[in-house]
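Visitor: Before we begin, I would like to hear the reasoning behind each term that you use. Could you show me the protein and then take my questions in turn?

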Amino acid sequence: KIHTVHPPIIAKHSFQQNLNISKSEKMFTKAIFLMLSGVIALTMIVYIRHISSYGIYQYDMSPWTRPYDSKQMSLENNTNNNNRSKSRNIQNIFTHDMTGSHEDDYMDTFNTSTEAPCETFAQFINPENVDRDHSASKIVEQGKTFNKLPALPYQNRFLNPPDYIWSRNFVKELQCLLTRIVSKKIVIVTATSGFEERVFNWLTAAVIKLSKPIENILIISLDDPFHREISKRGFYPLQVHVDDIIAPKLRNRPRKSIWAIRLVLWRIMHHIGFEKIINFDADAIPLQDPLRYFDKYPRSEIIAMAGRYPEIISQKVGFTLNMGTCQLRDSHFMRVFWDEVARQSDKSDRPADDQYIINYTLFIKDIEWNIVSSHRSFPWHNESAVMHRDVTGQTGDGLNTVALSAEKFCRATCVPNITNNLVVSHPQPSRIFFNYTSPNWNTSSTSKGLEWLKNKFAVQVDV
């Protein structure tokens, strides 16, 4: 009896003890689970409120396959991860223009990280005495906050989706380039293959021949052959691929789409912070400093040489604005004008053309020109309304414009062997009266950059 055990009783006691322990553990686990559930629920509420207030856009648009040189390929690979996602914030803001105009607007803010540096292969071309140390692919810290993405010209007719365009590398490179210019004033020449000699000739005139050389020149390349040829000579253009901007139905037509592309580029450059954009065609040769001449009109948004296209407008007014030599100044009035250009370009049934749509938009905005001379007839040569003087104008909503004297900025009025008072020579049809080209300019050379231009282009002028 002393050694008699009662297994059922011991087993029951042991089971009850285990059961009590198990219940305690379950209660503890349940408490932890409830706490975690509460934290997760609170986090989800905060997250839902966040995205409902701000919104998140994910960019996952792989570019079409295209050839690059090694430096450009490295640039895209290095920045590709930064293209994948950006945050889009919407906030009510109040804007104030320096002219005193006000407007209430909503702005979509595209934030790029201030911690991630950006790279650019492109370099500004400057005269030797003001040359900057801009090594290729130099890293520049920048953190730009994009304002509301504006409507782009021909956006709904010829362009890729706006979010895609704004996520391309050339936009980031323009941001980097902007940090290098205190004045925020940039001079650009846009070209494609086949125009290399003309671009080199223009650079010779602008940087080497002028007594006061033009500064902060950016060459914009729209195809790979042109980009390689310009880079080989020691100049590093900004490469903008046609398919970065133009929709597939117009791709592989860079020469026909150049007018739409540079119009879009001007709009983007103003939006990211460039205050003045001075554009030249490669055959618009500067003989005096045109930028100094433009400075006579500090409050004008559009300054351009006179032309006659589109004819339907020149027949009514006597002239049009030629975009082959022009300055575009950012302001509240210019931003309003850009918005109208976008609307009119999408309604137009004509081919994309920067000169047509800018002149047409000015016309429908009831621009009034201060024409002094009689405008009953407007022959193409020598007696136009702008032959001997600049003509100022203003739209009904306050945009200021200047049509430059055809005597100083010649187009149809250009005459060989006549250089008196000429500031820019841009003959029509496309010819070059001031040719600085050496016959062997395309031969190999160890020199590069401005030194190469002096050896190959800075020769006796063939007028």
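Guide: What follows is a conversation about how certain labels are justified in this predicted model.

Visitor: As a start, how many helices and strands does the protein have, and what share of its residues is buried?

Guide: The secondary structure amounts to 13 helices and 18 strands, and of the 463 residues in the protein, 51% are buried.

Visitor: What makes C410 and C414 a disulfide?

Guide: Their sulfur atoms lie 1.9 Å apart, and since a disulfide is a pair of cysteine sulfur atoms within 2.5 Å, the pair qualifies because its value falls within that cut-off. The structure holds 1 disulfide, and the link of C410 and C414 is right-handed, with 90° about the S-S bond.

Visitor: Why is C414 called buried, and why is C410?

Guide: Buried means under 20% relative accessible area. C414 has a relative accessibility of 10% and therefore counts as buried, while C410, with a relative accessible area of 2%, is buried by that criterion too. Another cysteine, C326, has a relative accessible area of 0%, so C326 is buried as well.

Visitor: How do you know that strand 10 pairs with strand 7?

Guide: Two strands pair if at least two bridges are found between them, and strand 7, residues 185–191, shares 4 bridges with strand 10 in the parallel sense, so the condition is met. Within this pairing, I186 stands opposite I277 of strand 10.

Visitor: What makes strand 13 a partner of strand 10, and in which sense do they pair?

Guide: Strand 10 and strand 13, the latter spanning residues 320–329, are joined by 5 bridges in the antiparallel sense, so the requirement of at least two bridges is satisfied. In strand 13, R329 is the bridge partner of K276.

Visitor: Why is strand 10 described as mostly covered?

Guide: Strand 10 runs over residues 276–280, and 4 of its 5 residues are buried, where buried again means under 20% relative accessible area.

Visitor: Which residues of helix 13 are buried, and how do you know that they line one face?

Guide: In helix 13, residues 449–456, the buried residues are G449, L450, W452, L453 and K456. Seen down the helix axis, these buried residues fall within an arc of 155°, so they line one face of helix 13. An α-helix has 3.6 residues a turn, so residues three or four places apart point the same way.

Visitor: Against what do the buried residues of helix 13 pack?

Guide: The buried residues of helix 13 pack against helix 5, residues 196–209.

How values were computed:
Residues are numbered from 1 along each chain as its sequence is written. This is a predicted model: local features need pLDDT of at least 70, side-chain atom pairs count only at pLDDT 80 or more; totals for chains, interfaces and linings use all residues. Side-chain values use heavy atoms; hydrogens and water are left out. Buried means under 20% relative accessible area, exposed over 50%, partly exposed in between (1.4 Å probe, protein chains only). The arc is that of the directions from the helix axis to the C-beta atoms. Contact means heavy atoms within 4.5 Å.
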